Amino acid sequence: MLFTYYGHSTFSLEWDSTRLLFDPFISDNPLAGKIDVESIDCNYMLISHGHADHINDAVSIAKRTGAKVVSNFEIVAWMEKQGVSNGHPMNTGGHWIFDFGKVKCVNAIHSSSFPDGSYAGNPMGFLVESAAGNFYYAGDTALTVDMKLIGEFKKIDFALLPIGGNFTMDVDNAIVASDYIKCDTIIGLHYDTFDLIRIDHAEAEDKFEKAGKKLILPEIGQTIEM
Ligand code: NI
Ligand code: MN
């Protein structure tokens, strides 16, 4: 499975003929200036919630690529109103078997509104099971004991957790989350983009190492084999 980081909480995972893109926020991210949004390809787009820093490039990429948009009902409906007809609406607790594998929508403790302030449904995380491996993307969330359920569902090969604090979990809480989900390989997301979520990389990596875990902090634009 190839992981590519586009900054903030935007990443893709690619294997065989599948390319999943998550929470596209690139053109308004000052740290992602070297990423050409037009060059990003995907056949599925998964969106965790409606905040601008997770959705701002969703309509343009979905229209250009024709990717199927997997998100909550309200976000899929919002995309449809803007001409994106290839959506698959879901909600927390539900799962669906797609051609690439199974997606289960799991709880995220956060809020969810569109850039204009209107209601954007429940924020969610995604548990993805596939022949190439299983992973958990938490979305924007607090640490929650619900994450223990995720550790019971399935063996997770790696997880993508927010670590920037202020709006979400911080590094210390992400370490507890990785215990709850029984997964010691974590890709950190949702940090450094804004002043309020700036972190010390070396300190974060050190804390994970001391807990016997691995924290991956990829460079924007970097692709890693997972
Ligand atoms: Ni958010
Ligand atoms: Mn966010």
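In which kind of crossing, left-handed or right-handed, does H5 pass H6? This tour of a predicted model answers that question at its last stop, after a visit to two metal ions.

**First stop: the nickel ion**

Please select the nickel ion (ligand 1) and display the side chains of His49, His51, His110 and Asp140. These residues supply the protein donors, through NE2 of His49, ND1 of His51, NE2 of His110 and OD of Asp140, at 2.2 to 2.4 Å from the ion. The angles among the 4 donor atoms run from 87 to 179°, and the site of the nickel ion is irregular. Along the chain, the donors follow the spacing H-x1-H-x58-H-x29-D. Two of them, His110 and Asp140, are 30 residues apart and link distant parts of the chain. His110 is found in the loop between strand E8 (101-107) and strand E9 (124-130), while Asp140 belongs to the loop between strand E10 (133-137) and helix H4 (147-153).

**Second stop: the manganese ion**

Keep Asp140 selected and add the manganese ion (ligand 2): Asp140 bridges the two ions, which lie 3.1 Å apart. Next, display Asp53, His54 and His190, which join Asp140 in providing the protein donors of the manganese ion. The donor atoms are OD of Asp53, NE2 of His54, OD of Asp140 and NE2 of His190, lying 2.1 to 2.2 Å from the ion. Their spacing along the chain is D-H-x85-D-x49-H. Asp53, in helix H1 (residues 52-55), and His190, in the loop between strand E12 (185-189) and H6, are 137 residues apart, and this pair too links distant parts of the chain.

**Third stop: helices H5 and H6**

From His190, proceed to H6 and colour residues 201-210, then colour residues 171-180 for helix H5. The two helices pack at an angle of about 30°, with their axes 10 Å apart. Because of that angle, H5 is roughly parallel to H6. The opening question can now be settled: H5 passes H6 in a right-handed crossing. To view the contact, select Val171, Asp172, Ala174 and Ile175 on H5, together with Ala204, Lys207 and Phe208 on H6. Of the residues in this contact, 5 are nonpolar, 2 are charged and none is polar.

Definitions and conventions:
Residues numbered from 1 in each chain as written. Chains lettered and ligands numbered in written order. Predicted model: local features only at pLDDT ≥ 70, side-chain atom pairs only at ≥ 80, totals over all residues. Heavy atoms only, no water. Axes fitted to C-alpha atoms, helices over the stretch in contact; angles between N-to-C directions. Helix = DSSP H or I, 4+ residues; strand = E, 2+ residues; numbered from the N terminus. Parallel < 35°, antiparallel > 145°, perpendicular 65-115°, else oblique. Left-handed = near helix turned anticlockwise from the far one by under 90°. Contact = heavy atoms within 4.5 Å. Nonpolar A, V, L, I, M, F, W, Y, C, P; charged D, E, K, R; others polar. Donors = N, O, S within 2.8 Å, 3.2 Å for Na, K, Ca; no water. Tetrahedral: all angles 85-135°; square planar, octahedral: opposite > 155°, others 65-115°.
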